[in-house]
Every structure is written in C-alpha cells, then in structure tokens.
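Biologist: Could you take me through this structure step by step, giving the reasoning behind each answer?

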Amino acid sequence: MDWKKTIDYSLVICTFNPDERILQRCLEAVYRLDTTGISTEVILVDNNSDLPLHQQSYVKEFEEKIPGMHLLLVREQGVNYARMAAIEKAAGNFIVYFDYDNEPERDYLRELKKLNEQFPNVAAWGPGKVKVDFIDGVDAAIMHFASMAFQQREEQTVRTARETSWQSCYPFGTGLCTTASLLKEFVQLARQGRFTASGRKGNKLSSGEDTQMVLHCISKGYEAGVSPALKLTHIIPRSRANSQYLQRLLYGTFICYETCLLQVFPEQKRSLEQKIMPRWKFSRKSLKKFIRARWSKDPHKMFDLVEFIATNAGTYTALDKPIPLPVNQIVRILKVE
C-alpha cells in the first residue's frame, strides 16, 4: 500500500525570522487540532531564517509532540518558493496553509473534512470567520482599516463562486485549503515560468501566489469559497500594526493582482487594455491625491492614495507598459515598494 494515500491533510506553515511568541501560538493551536478520524502531516518550512528553526528549543518540543511534523529548509527567499517546496513534498490529498501568525480553532480540520465531502466541486476553501488579534495594541484611528487589511471576516453563510475575476467570497492565503493535485499542477506551471508571483520576500510585501492558486482552481472548472464553520485568529504584532506597514501591504497586494489574473486567464488581456487609465489622467489624479494625503491628518487619505496607485500601476505592469514618471516618483517618496 502507498502510505502517502493515507494522509488526508498536509498542513503547511511557512516562516522567516518568526516572532517566537506568535509561532508558538500557531504551533500550539496546530497541536490541539481535533484530528479524530483524520490523518495529517505538518510541514514547517524555514525560509532561510537568520536563526534556523531547528536550533530553537520550542520548535524542537513541538516537533516531538505533533504527530507527523517535520521541518523543511528552503534557502531561496520568498513565500512562493517556500510554498512550492512544501507542495512538492506534501503527501496529503488536501494542503492547508497556516501562516505562522494563524491560530486555527480546534475543529478546523473536522469542519474542512465536512466541507470537502459535501462540496466536491469546491477546490479551495478559506475561513469565513477571522478574528484579528493586535497583541501589542493598535492606534484607534486605523484599527478598523487594519482589521480589514489583515483579512478580518464575519461571514454568516457558506459562499462560493466560479468567476474568472476575484470575488469577495474567494479565500485569502490565511487558512487556505486547496486540493493537492491542483496545487502540484500549479507548481509545475510556475516552474515552467507560466506563473511568476514570488510572494513576500524579505522586506518586500508583494504577494499574489495565493491569489493565483485560487484562480488556477477556478480555471480548472472548480469553485472557491469560505465557510463560517472555519474559524481562526490572525495574530498581528506592533511591527505590522502601523500606517507605514499597512501602506506597503496595500501596495504589495494591489500591484500584482492584474498580472496574477492575466497569467491564469490570458484571454482577459483585451478587457484589461480597455480599462487602463490614460497616462496623463493617472499622473494628474495621483498627484492630486498625494497632495491631499500629505496635508491631511487622516491616515485613510494615504491608504486611498496607495490603493489607487497600486491598482492602476498593476494594470500597466500586467500589460508591460511603463508606469508614468510622476507616479514612480510618488511611489519612491512613499517608500511602499
């Protein structure tokens, strides 16, 4: 018998220089998952941390007490490289991503199993209830925006879709569960250069690999969605609960979306060409928003500016067109790249 076929879920946790108190909470939550009648493995990926995880005593303790847990060192920097290596190594029928700052509820896997059995046409699931825990506090002026930026959700019903453009019910990378065979196919295409999103890398917050994974499932005729039965906590420290980090997160999230979409659905190019904002208009609106944001005490003006620039610059990038010089100058001043 092939032992690999007995594994239901491969749990993947990717890390790079993790905050010990946060990774410890994540591993404790994974340890406490109810796996009654469910076979699992846990792949903890060390994406070349300065202090290797295998040298840290608390990690060793969890490695000993979590069944099927093993460490995987990936030296090539970038979340996508870490994830691809884990996908290739994973032996489960489904792969679940828990970022190292995720704390899943005890019944997460049991609820996933029910969903996978009840909705075989859904290849990507995510949590419908996400609570954001600002463990070091957060400025009240940006708390609501920050909660949304860190993927807070409060869904009341199961929601799924199969549209070729991003839908509000599509799952983010936090707690994402995807059919393993589709992810292994995704990795093959990425290795061939079809998909190029590198994910977050060091201090760069550009993302998109999880978006492409979900859209790849859609391209194969499956649905994607969220369920309120899937619950987890997203743990955010002071280093990320601030306006500058949120601006960089916004830029990284929106700059890559159109490229991700176009690489999965090349037929969308004509539609993208029709909606691109003219260079003069893009520059003028960016400058106006920049001036207003710099003079305003409302941090949301700056968030609006960054999202506007990243969204439109993302269209230019996807179509391989140069971003207007005035816009590039604003991006450099904001230091969001």
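Biologist: Is S49 buried or exposed?
Modeller: In this predicted model, S49 is found in the loop between β2 and α2. Its relative accessible area is 7%, and a residue counts as buried when that value is under 20%. S49 is therefore buried.

Biologist: Which residues does S49 touch, not counting residues up to four places away in sequence?
Modeller: Contact here means heavy atoms within 4.5 Å, and residues up to four places away in sequence are not counted. The residues that S49 touches on these terms are T15, F16, N17 and P18.

Biologist: How far apart in space are S49 and E154?
Modeller: In sequence, S49 and E154 are 105 residues apart. The distance in space, taken from C-alpha to C-alpha, is 34 Å.

Biologist: Which residue in the loop between β2 and α2 has a positive phi value, and how accessible is that residue?
Modeller: Most residues other than glycine have a negative phi. In the loop between β2 and α2 lies N48, whose phi is near 65°, a positive value in a residue other than glycine. The relative accessibility of N48 is 27%, so N48 counts as partly exposed.

Biologist: Is D320, which also has a positive phi, buried or exposed?
Modeller: D320 has a phi of about 60° although it is not a glycine, and its place is in the loop between α12 and α13. Its relative accessible area is 71%, and the cut-off for an exposed residue is over 50%. D320 is therefore exposed.

Biologist: Which helix gives the most residues to the largest nonpolar core?
Modeller: The largest nonpolar core has 37 residues, of which V12, I43, V45, I87, I95, Y97 and Y170 touch the most other members. At least two residues of this core come from each of β1, β2, α3, β4, β6, α6, α7 and α9. With seven residues, the element that gives the most to this core is α6.

Biologist: What is V45 in contact with, leaving aside its neighbours within four places in sequence?
Modeller: V45 is one of the residues that touch the most other members of the largest nonpolar core. Once its neighbours within four places in sequence are left aside, the contacts of V45 are V12, I13, C14, T15, L53, L72, V74, A82 and A86.

Biologist: How many residues are in the other core that lies apart from the largest one?
Modeller: Among the residues of that other core are V132, I255, L305 and Y316. The number of residues in this core is 35.

Biologist: How are α3 and α6 set relative to each other?
Modeller: The two helices α3 and α6 pack at an angle of about 130°, with their axes 9 Å apart. Because an angle that is neither under 35 degrees, nor over 145, nor from 65 to 115 counts as oblique, α3 is oblique to α6.

Biologist: Which residues of α6 meet α3?
Modeller: On the side of α3, the residues in the contact are N80, M84, A85, I87 and E88. The residues of the whole contact divide into seven nonpolar, one polar and three charged. The partners in α6 are L183, K184, F186, V187, A190 and R191.

Biologist: How are α11 and α13 set relative to each other?
Modeller: Helix α11 and helix α13 pack at an angle of about 30°, with their axes 8 Å apart. Their contact has nine nonpolar, two polar and two charged residues. An angle under 35 degrees counts as roughly parallel, so α11 and α13 are roughly parallel to each other.

Biologist: What is the handedness of the crossing of α8 and α12?
Modeller: Helix α8 and helix α12 pack at an angle of about 25°, with their axes 8 Å apart, and that makes α8 roughly parallel to α12. The residues of their contact divide into 12 nonpolar, five polar and one charged. The crossing of α8 and α12 is right-handed.

Biologist: How many of the residues of α7 are buried?
Modeller: The buried residues of α7 include E209, D210, H216 and I218. Helix α7 is largely enclosed by the rest of the structure, because the buried residues number 10 of the 11.

Technical notes
Residues are numbered from 1 along each chain as its sequence is written. This is a predicted model: local features need pLDDT of at least 70, side-chain atom pairs count only at pLDDT 80 or more; totals for chains, interfaces and linings use all residues. Side-chain values use heavy atoms; hydrogens and water are left out. A nonpolar core is a set of buried Ala, Val, Leu, Ile, Met, Phe, Trp, Tyr and Cys residues joined through side-chain atoms within 4.5 Å. Buried means under 20% relative accessible area, exposed over 50%, partly exposed in between (1.4 Å probe, protein chains only). Helices (H or I, at least four residues) and strands (E, at least two) are DSSP runs, numbered from the N terminus. Axes are lines fitted to C-alpha atoms, for helices over the stretch in contact, and angles run from 0 to 180 degrees between N-to-C directions. Ala, Val, Leu, Ile, Met, Phe, Trp, Tyr, Cys and Pro count as nonpolar, Asp, Glu, Lys and Arg as charged, and the others, Gly among them, as polar. A crossing is left-handed if the near helix is turned anticlockwise from the far one by less than a right angle, and right-handed if clockwise.
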